[in-house]
Structure formats: structure tokens, C-alpha cells
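Q: Please take one part of this structure and go through it closely. I would like each term explained as it comes up, and the rest of the chain brought in for context.

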Amino acid sequence: MSVTQQYLLDSYRAAQLGERTPPAPGVCDWQVVREVRDYGRFNAVVHERPAHGRFRGALGRLLRGLRGGGARTPRPLP
């Protein structure tokens with residue numbers, strides 16, 4: 001049985017019983033991703049580990065750019 005078929009069956013049962021219909025498949029996916037990310041960050045704080053987030057990534061990109069490595073390095077003139 002596919003996800004869509006299961007959703008339709010659950011919706012039908014909810015309508016027959018007068019209950020709320022379940023959320024459609026894929027509606028809450030991004031919310032779940034955010035909650036998992038937040039839980040990981042919370043766990044890092046509780047266990048006193050360094051944070052690995054946007055700030056650290058941005059700092060790494062900035063430092064790589066200042067060192068002159070990567071795709072931003074101009075070609076030497078012939």
C-alpha cells in the first residue's frame with residue numbers, strides 16, 4: 001500500500017468516526033527536519049561540545065577566502 005492510499009484510507013476512517021483528518025503526507029517534513037536539527041544543537045549544549053552551525057561554517061569560508069585558496073584564486077599572468 002502506498003503512502004497516498006494509506007492517507008486516503010485514514011481520511012475515510014476519520015470522516016466516518018467524526019474525527020479530524022490526518023495531515024497530508026509531506027506537509028510536516030520540514031518541521032521534522034528543523035526539530036531534529038534543534039535537538040542536535042540542544043544535545044551539543046547539554047554535553048558541552050562545540051557548536052557546529054551556520055556561524056562556524058561562515059567563519060571557515062571567510063578564513064579560506066582570506067588564505068587565497070579555492071576557486072577564488074586568480075590565475076597567474078603568462
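A: The close look below is at helix α1 and its two ends, followed by the rest of the chain.

This is a predicted model, in which local features need pLDDT of at least 70 and side-chain atom pairs count only at pLDDT 80 or more, while totals for chains, interfaces and linings use all residues. Residues are numbered from 1 along each chain as its sequence is written, and side-chain values use heavy atoms, with hydrogens and water left out.

The protein chain has three helices and zero strands (DSSP runs of H or I with at least four residues, or of E with at least two, numbered from the N terminus), and along the sequence these follow the pattern α-α-α. Confidence is highest in α1, at a mean pLDDT of 94, on the predictor's scale from 0 to 100.

Helix α1 covers residues 3–17. Its 15 residues should span 21 Å at 1.5 Å a residue (1.5 Å times one less than the number of residues), and because its end C-alpha atoms are 21 Å apart, the helix agrees with that expectation. In the segment before α1 lies Met1, which counts as exposed because its relative accessibility is 71% (exposed is over 50%, buried under 20%, partly exposed in between, with a 1.4 Å probe and protein chains only). Leaving aside residues up to four places away in sequence, Met1 touches Gln6 and Leu9, where contact means heavy atoms within 4.5 Å.

Within α1 sits Ser11, which is buried because its relative accessible area is 14%. With residues up to four places away in sequence again left out, Ser11 touches Thr21 and Pro22. Just after α1, Gly18 takes a positive phi of about 75 degrees.

For context, of the 78 residues of the protein chain, 4% count as buried, and the chain exposes about 7,500 Å², with carbon and sulfur atoms supplying 60% of that area (Shrake-Rupley method, 1.4 Å probe).

Helix α2, residues 29–46, has 18 residues and reaches 26 Å from its first C-alpha to its last, close to the 26 Å expected, and just after it Glu48 takes a positive phi of about 55 degrees. A search of the whole structure finds one salt bridge (a Lys or Arg side-chain nitrogen within 4 Å of an Asp or Glu carboxyl oxygen), and Arg37 forms a salt bridge with Asp38, their closest N and O atoms being 3.6 Å apart. Arg37 is partly exposed because its relative accessible area is 39%, and Asp38, at 39% relative accessibility, also counts as partly exposed.

Phe55, Leu59, Leu62, Leu63 and Leu66 make a nonpolar surface patch of about 550 Å² (residues with over 30% relative accessible area and no salt bridge, nonpolar side chains being joined within 5 Å and like charges within 9 Å). Of these, Leu59 is placed in helix α3, residues 54–67, and is partly exposed because its relative accessible area is 37%.

Confidence is lowest in α3, at a mean of 76, while the protein chain averages a pLDDT of 82, with 79% of the residues scoring at least 70. Where pLDDT is low, the predicted coordinates should not be read in detail.
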